[in-house]
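User: I've got a model open and I'd like to learn how to read its sheets and helices. Can you walk me through it?

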Amino acid sequence: MRIVNSESPSSMAESVPPDAVGRRVACDGERGTVRYVGAVPPTAGLWLGVEWDNPERGKHDGCHEGTRYFTCRHPTSGSFVRTKKVSFGVDVLTAMRQRYESEPEQVTGEELTISSKTVERVGFEAISEKQRLENCREVSLAGCGVCSPGLDDEILQTSPNIVILNLAQSLLCSWEDVACIARQLTKLRELQLGQNRLRPPADPASLKPAFANLKVLDLSGSALSWPELLECAPMWHALEELYAFDNSITELQRPIGVLQSLTVLDLSNNPLADGSEILKIAELPRLEKLNLSNTGLSTLQFPDVDPGLKTAMFPALKTLVLKGNNISEWWVVNELDKLASLRQLSIGRNPVLSGERNRETARQILIARLGQLHVLDSMEIVPEERKGAELDYCKMFGEKWLESGGHRDPAMDRPSAEFTTLHPRYQTLIQKYGAPEEGELKKQKPFALKNQLLTVTFMCPDQADRKPIQKKIPDTMTVQKVKGLLFRLLKVQGSELKLTYTSSKMEGKEIEIDNDLKPLQFYSVEDGDLVLVRWS
């Protein structure tokens with residue numbers, strides 16, 4: 001294969017920046033990085049070889065008709081474009097002025113708005129552009145093609161009061177340029193750099209003063225690995241919140257001497273998968289919120305202590321987000337109870353929950369297994385709910401507890417190690433509430449048709465003129481068939497039915513019936529329950 005190097009832009013007839021290779025460009029709403037400048041025989045004229053951020057935008061990997069012009073990460077992220085079709089971007093102040101000119105009507109009343117942000121107005125009826133720029137505190141230049149800081153100290157002299165700056169989807173190509181912008185903004189607290197492709201700095205420590213007051217940094221969707229992120233981390237010595245979701249993070253490393261002030265870390269939508277990788281960041285001393293949703297995790301284990309004890313890992317962690325993962329075993333939930341500071345958990349869309357009869361049962365088991373939790377899946381756990389969940393848990397597993405050696409007489413109570421490993425909080429709960437009585441133990445009902453027929457009352461709370469309808473139906477009937485029955489009874493064909501039910505066992509609660517393929521027994525609908533029917 002023949003390999004061709006980029007030509008010097010100065011030797012070409014068309015106007016191209018002398019440092020074009022490595023620069024960022026925009027074309028037809030897509031952004032990419034220039035990897036080659038020169039001829040592509042047999043065609044005439046100058047071409048730019050671009051590696052696109054979106055791999056579906058390109059046609060090849062930099063190899064064209066047997067000749068290698070440049071290389072790409074993805075086999076279809078490269079293509080050639082003419083120089084006249086791309087934009088190399090503008091400096092920060094040019095982008096700000098363009099944004100002002102395109103949105104002049106936003107300067108009204110006593111407030112000044114830039115993009116979707118509202119900032120304080122200085123109080124003049126007719127305010128000059130210079131004064132507007134000087135008093136901007138929150139500025140969004142996302143997608144505005146910012147490629148450089150501009151002239152020396154131009155930002156400092158014109159817009160020194162910016163506190164929050166959004167440079168997402170820009171054409172910046174280096175951390176040195178970002179630092180040059182930040183150095184002029186001594187009040188900068190939050191910087192959004194999502195969906196950029198920035199070269200790692202040659203000397204990160206030398207850029208540290210530029211980010212002296214930076215507390216919040218968004219690097220989402222920037223194709224970063226964890227080692228690349230740690231390479232940059234010496235610049236952000238005061239950083240408290242780091243958003244690194246939608247990147248290329250597959251493994252972690254211990255952040256030694258960096259990121260020690262983090263309180264929030266978002267690693268969602270990264271293909272981590274291996275739960276042992278998470279332990280590499282377990283010593284971050286101030287981390288209070290960790291988002292690991294949609295990372296493919298199936299396990300998470302803290303091996304420094306036995307079940308029922310508290311781990312020294314993640315000492316400050318209060319909020320953990322695990323939504324959309326592959327957790328399928330309850331022992332993983334038990335491990336979460338080892339986290340000494342955990343108060344909020346989001347764990348929806350995991351297989352372990354779908355294995356239970358309904359969402360309400362799954363929620364009860366989660367609450368009972370996690371004794372310190374205050375909020376579960378964005379819903380507060382009130383004392384009454386916790387008590388009910390823990391009592392039901394004791395009854396649910398009481399029979400297995402007795403079979404394993406548990407006994408209502410404390411002197412004879414010796415459950416097996418296997419049982420206490422599977423249910424670390426069970427002994428604590430029976431000490432709290434007392435052991436369940438024989439009649440309270442939840443046993444499987446024998447299979448018989450008389451146990452399956454339910455007398456259910458259907459009521460339309462939004463339709464006062466409709467009388468309740470009482471029907472006997474099998475609890476094996478699917479929700480889809482129940483809706484079909486209701487369509488006929490209520491004569492509301494073409495409407496979308498929404499079903500909930502209430503039970504005397506859970507007064508004041510409406511439980512949603514939302515899966516057409518599940519039978520009524522999946523939702524624990526019982527004889528005498530009231531099904532509420534709404535439609536739109």
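Analyst: Sure. Two strands pair if DSSP finds at least two bridges between them, and the strands themselves are DSSP runs (E, at least two residues), numbered from the N terminus, as are helices (H or I, at least four residues). Here, β21 (residues 375–376) runs antiparallel to β22 and is joined to it by two bridges. One of the partners is easy to find: V375 bridges to E380 in β22.

Before we go on, this is a predicted model: local features need pLDDT of at least 70, side-chain atom pairs count only at pLDDT 80 or more, and totals for chains, interfaces and linings use all residues. Residues are numbered from 1 along each chain as its sequence is written, and side-chain values use heavy atoms, with hydrogens and water left out.

User: Which strands are the edge strands of the sheet?

Analyst: In general, strands of a sheet pair through backbone hydrogen bonds, either parallel or antiparallel. This open sheet has eleven strands with mixed pairing, in the order β11-β13-β14-β15-β16-β17-β18-β19-β20-β21-β22. Its edges are β11 (138–140) and β22 (379–380), each pairing on one side only.

User: And which residues of helix α4 are buried?

Analyst: An α-helix has 3.6 residues a turn, so residues three or four places apart point the same way. Buried means under 20% relative accessible area (1.4 Å probe, protein chains only). In α4 (residues 175–183), those are W175, V178, A179, I181 and A182. They sit on the same side of α4 because they cover an arc of only 160° around the axis, taken from the directions from the helix axis to the C-beta atoms.

User: How many helices and strands does the chain have?

Analyst: It has 14 helices and 27 strands, and 49% of its 536 residues count as buried.

Definitions and conventions
Buried < 20%, exposed > 50% of the residue type's maximum accessible area, 1.4 Å probe, protein only.
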